Every structure is written in C-alpha cells, then in structure tokens.
Amino acid sequence: MAKAKLPELRTMVRERGLRATPSRLAVLELLLANASGQPMSHAEVAEKLAAGPWDPATIYRNLTDLVEVGLARRTDVGDHIWRFEVVSATHDAAGHPHFVCTECGTVECLPVMEFVMPRSKTPRALKQRKVEVHVRGVCDTCL
Ligand SMILES: [Zn+2]
Ligand SMILES: [Zn+2]
C-alpha cells in the first residue's frame, strides 16, 4: 500500500474529531502502511516508532483514541494481547478472521469468510457480524 500523505492523514484524524498531533499521525500512518497484513500489538507499534520522540504511553493512548473514533480496531486472538489494525475501505470494519500460528504466535489477517448454515441456526451476533473469528494452525514459516 502506498504511503499515505500527511495532509490525508490530518484530514482523516480531524474528520473524526481528534487533534492531528504528530504522534497520532505517525501511529495512523504505520497502521495504514500495514493494512491487510498483520495487526500489530502496542509493543510492536512502539518499537517501530522508537526513533520518534514519543513515549510508549503516548503511543498507547493514540492507538486507543483511533479505536474509539473508528479509525482502527483491536482484537485479542486469545493470548491477551491487544493487536491493532486500521479500519479503511480496503480493510473492513465489519471484522475479518485472523490466522494465529500455534508455534510462533504470528497473527495474519484473512479475507472475509461467509458462514454457510441455516438462518434459523445462526446466532444473532453472527448475523450482525459482531463476532471475532480466529483460525488456529501452523503458519507457512513454521510448517
Ligand atoms: Zn509460525
Ligand atoms: Zn486483520
């Protein structure tokens, strides 16, 4: 994905009612560059932005701010680590499944899957796409 330009990032953030602070823009830019790849934990984001002048607490606040206004979403694949990813036209907000490697713990985004089952047996949360789907197995690198 092409690097988002600074004015675009500013507009995205301001349209959601947030101030376009340099750290917030840097966090959003990083998530956008990573879209449709792998959701990132706070530690990974902080590490990638370690060259910047921001402390990890600021970066964490930026991540949760972006989640609150709907520019990002967070998911816990069962290891009690929040992972963050951008919400955009190409990286849907409705929620796609994630592949979790049982060996190395890598998390990858998967395309949206449709569940084929009788409508009468489908839980309401599933119809409304209010579920998280995690597929567990061994990743290509570990296989
Ligand atoms: Zn693996
Ligand atoms: Zn994802």
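## Exercises on a small sheet, two helices and three salt bridges

Helix α2 (residues 22-33) lies across β1, β2 and β3, at about 80 degrees to β3. The model you are working with is predicted, so keep that in mind as you go through the exercises.

**Exercise 1. Work out the strand order of the sheet, and find which strands stand at its edges.**

Solution. Start with the order: the three strands run β1-β3-β2 in an open sheet, with antiparallel pairing. Next, count partners: β1 (40-41) and β2 (72-75) each have a single partner strand, so one side of each is left without a neighbour in the sheet. That places β1 and β2 at the edges. Now look at one pairing in detail: β1 and β3 (residues 83-86) are joined over two bridges in the antiparallel sense. Within this region, methionine 40 stands opposite phenylalanine 84 of β3.

**Exercise 2. Find the strands that helix α4 lies across, and give its angle to β2.**

Solution. Locate helix α4 at residues 56-68. From there, check the strands: α4 lies across β2 and β3. Finally, compare directions: α4 runs at about 105 degrees to β2.

**Exercise 3. Find the salt bridge that links helix α2 to helix α4, and decide whether its two residues are buried or exposed.**

Solution. As a reminder, side chains of opposite charge can pair when their charged atoms come close. Here, arginine 24 and aspartate 65 form a salt bridge with an N to O distance of 2.8 Å. Then place the partners: arginine 24 belongs to helix α2 and aspartate 65 to helix α4, 41 residues apart, so the pair links distant parts of the chain. For the last step, arginine 24 and aspartate 65 are both buried.

**Exercise 4. Account for the other salt bridges, and say how exposed their residues are.**

Solution. The total to reach is three salt bridges. One of them joins glutamate 85 and arginine 73 at 2.4 Å, N to O. Glutamate 85 sits in strand β3 and arginine 73 in strand β2, so this pair ties together parts 12 residues apart in sequence. Both glutamate 85 and arginine 73 are buried.

Another salt bridge brings arginine 83 together with aspartate 79 at 3.1 Å, N to O. To classify these two residues, use the cut-off that buried means under 20% relative accessible area. Arginine 83 has 9%, so it is buried. Aspartate 79 has 32%, so it is partly exposed.

Conventions:
Residues numbered from 1 in each chain as written. Chains lettered and ligands numbered in written order. Predicted model: local features only at pLDDT ≥ 70, side-chain atom pairs only at ≥ 80, totals over all residues. Heavy atoms only, no water. Pairing = 2+ DSSP bridges. Helix = DSSP H or I, 4+ residues; strand = E, 2+ residues; numbered from the N terminus. Contact = heavy atoms within 4.5 Å. Axes fitted to C-alpha atoms, helices over the stretch in contact; angles between N-to-C directions. Salt bridge = Lys/Arg side-chain N within 4 Å of Asp/Glu carboxyl O. Buried < 20%, exposed > 50% of the residue type's maximum accessible area, 1.4 Å probe, protein only.
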